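Work through the exercises below with the sequence and the structure side by side. Try each task before reading its solution.

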Amino acid sequence: MNIIVMLLLVVFASPISADQSRIGIVEQSLGRDFGIVVGDIIDHYYVIQVPANYNLTPASLPPNGDLDYWLELLNSDYELIAENNQLRRYRLHFTFQTFYAPLDVRALTIPPLAVRFTADDNAHQITIPAWGFTMSPIKEIVPRGVASDSTQKAFMKADLRPTTISTAGLKQQIWILAFSVIVLSILWLSLNGYLFSFTRSPFQQAYHEVKKLRKYHADESAFSQALQAVHRAFNRRAKQALFAHQIDEFVVKHPELEAYREKIDDFYQLSAEALYSDQKKGEPADFDQLLRLCKQLAGAEKLALKKT
C-alpha cells in the first residue's frame, strides 16, 4: 500500500512525468474546424515537450502579420509551464483571424509553422502542422447557381428555434404545495377559532373553550382560564372591559339578554369568589354552570338576529 501511495504522489507531483520519452507536440487545443465565417478569431494552443537543456528561441516564432491574403496572424506567444532534470514543457499560443468571404462552404488550410529550440551549438526545429477547416458564408449569394433567375429571393437558413423546458411537473408541484398550504391554513384557523371569529357569537366561542378546559378540571389553573374565557366573551360583546357594576347598562344595550340577567350576576359573583378564594380549583359543576350560561347567551343572541 505504501508503494502504491508513493507512486501516486510521484505521478501527481510531476506535471511532465507522463510520456517522458516523447519529444514534440504532446497536447493541443484547436477549437472547431467547421462553421467559421469571415472575421472569426481562431485560437490554437500547443504544448511542446523538449529535453531539459533546450530552450525555445523567441525569434523563431512567426511574426505577426499576413500569412495569406485571407489570413492574418494577430499574436504568437509562449510560456514555460513545467520542467525537471530531463524535460521541459512550453505552451505556445497562436491567434489567427480570417478575412475570406466564401460564396459557399469552402475548405481552407492554415499553413504549417516552424519553431526552433537550441542547446549550446545544437538546434532542433519542431513544425506546427498545417490545419484544415471549412468556412461558411454568412448568407448564400445564389440559392440555385449563377444562372438562376435574378428575381428569385436569396436563400437564408432560418435561425435555430430555441428549445423549451417542460414545466408541467414543476407547475403540478406548485399547485399541490399551494393547495396544501391553503388546506392547512384553513385547518389551523378553524382549530384556533380564528376562521369564524367574526360570524360566531363570542359566547359560542367561550363555550368551546370552557368545554375543552373542563377535561382538565383537576388542574388548578383550568377553572381560572375558563372564567377568563367567559369574561372575554362579555368584553367582546360590550366592546369594552365589562365589570359587575356595569351589568345593568350592558343589559339595557342588549335587551335579548334581559332574561338571563340573574345568571349573569351569578357568574360575576362566582368569578369574584374564585378570585379572592384560596381554593382556585373548580368543580365539574362549576364548569357546567359556565357552559349553560354561554349556551343560553349564545342562543339568545342567535334568536335576536333571526328576529331582526
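**Exercise 1.** Which residue in β5 is the bridge partner of Asp66?

*Solution.* Start with the source: this is a predicted model, in which local features need pLDDT of at least 70, side-chain atom pairs count only at pLDDT 80 or more, and totals for chains, interfaces and linings use all residues. Residues are numbered from 1 along each chain as its sequence is written, and side-chain values use heavy atoms, with hydrogens and water left out.

Step 1. Find the strands: β4 covers residues 65-68 and β5 covers residues 71-83. Helices (H or I, at least four residues) and strands (E, at least two) are DSSP runs, numbered from the N terminus.

Step 2. Look at the pairing: β4 and β5 run antiparallel and are joined by three bridges. Two strands pair if DSSP finds at least two bridges between them.

Step 3. Read off the partner: Asp66 is bridged to Glu72 in β5. The two strands form a hairpin with two residues between them.

**Exercise 2.** State the order of the strands in the open sheet of three strands, and find its edges.

*Solution.* Strands of a sheet pair through backbone hydrogen bonds, either parallel or antiparallel.

Step 1. The order is β3-β8-β9, with antiparallel pairing. The edge strands are β3 (55-56) and β9 (122-128), each of which pairs on one side only.

Step 2. Take β3 and β8 (residues 113-119): two bridges join them. Leu56 stands opposite Phe117 in β8.

Step 3. Take β8 and β9: seven bridges join them. Here Phe117 stands opposite His124 in β9.

Step 4. Check the turn: the hairpin of β8 and β9 has two residues between the strands, and Asp120 takes a positive phi near 55 degrees there.

**Exercise 3.** Describe the salt bridges of Arg32, Arg88 and Arg261, and say how exposed these residues are.

*Solution.* A salt bridge is a side-chain nitrogen of Lys or Arg within 4 Å of a carboxyl oxygen of Asp or Glu. The structure holds 11 salt bridges. For accessibility, buried means under 20% relative accessible area, exposed over 50%, and partly exposed in between (1.4 Å probe, protein chains only).

Step 1. Arg32 meets Asp40 at 3.4 Å, N to O. Arg32 counts as partly exposed because its relative accessible area is 46%.

Step 2. Arg88 meets Glu83 at 3.1 Å, N to O. Arg88 has 17% relative accessible area, so it is buried, whereas Glu83, with 47%, is partly exposed.

Step 3. Arg261 forms a salt bridge with Asp248, the closest N and O atoms being 1.5 Å apart. Arg261 lies in helix α6 (residues 261-276) and Asp248 in helix α5 (residues 247-253), so the pair ties together parts that are 13 residues apart in sequence. Arg261 is partly exposed at 27%, and Asp248 is partly exposed at 41%.

**Exercise 4.** Is Glu301 buried or exposed?

*Solution.* Step 1. Locate Glu301: the residue lies in helix α7 (residues 284-307).

Step 2. Apply the cut-off: Glu301 is buried because its relative accessible area is 6%.

Step 3. Add the contacts: Glu301 is linked with Arg237 and Glu256 in a network of salt bridges. The C-alpha atoms of Glu301 and Ser201 are separated by 7.4 Å, although the two residues are 100 residues apart along the chain.
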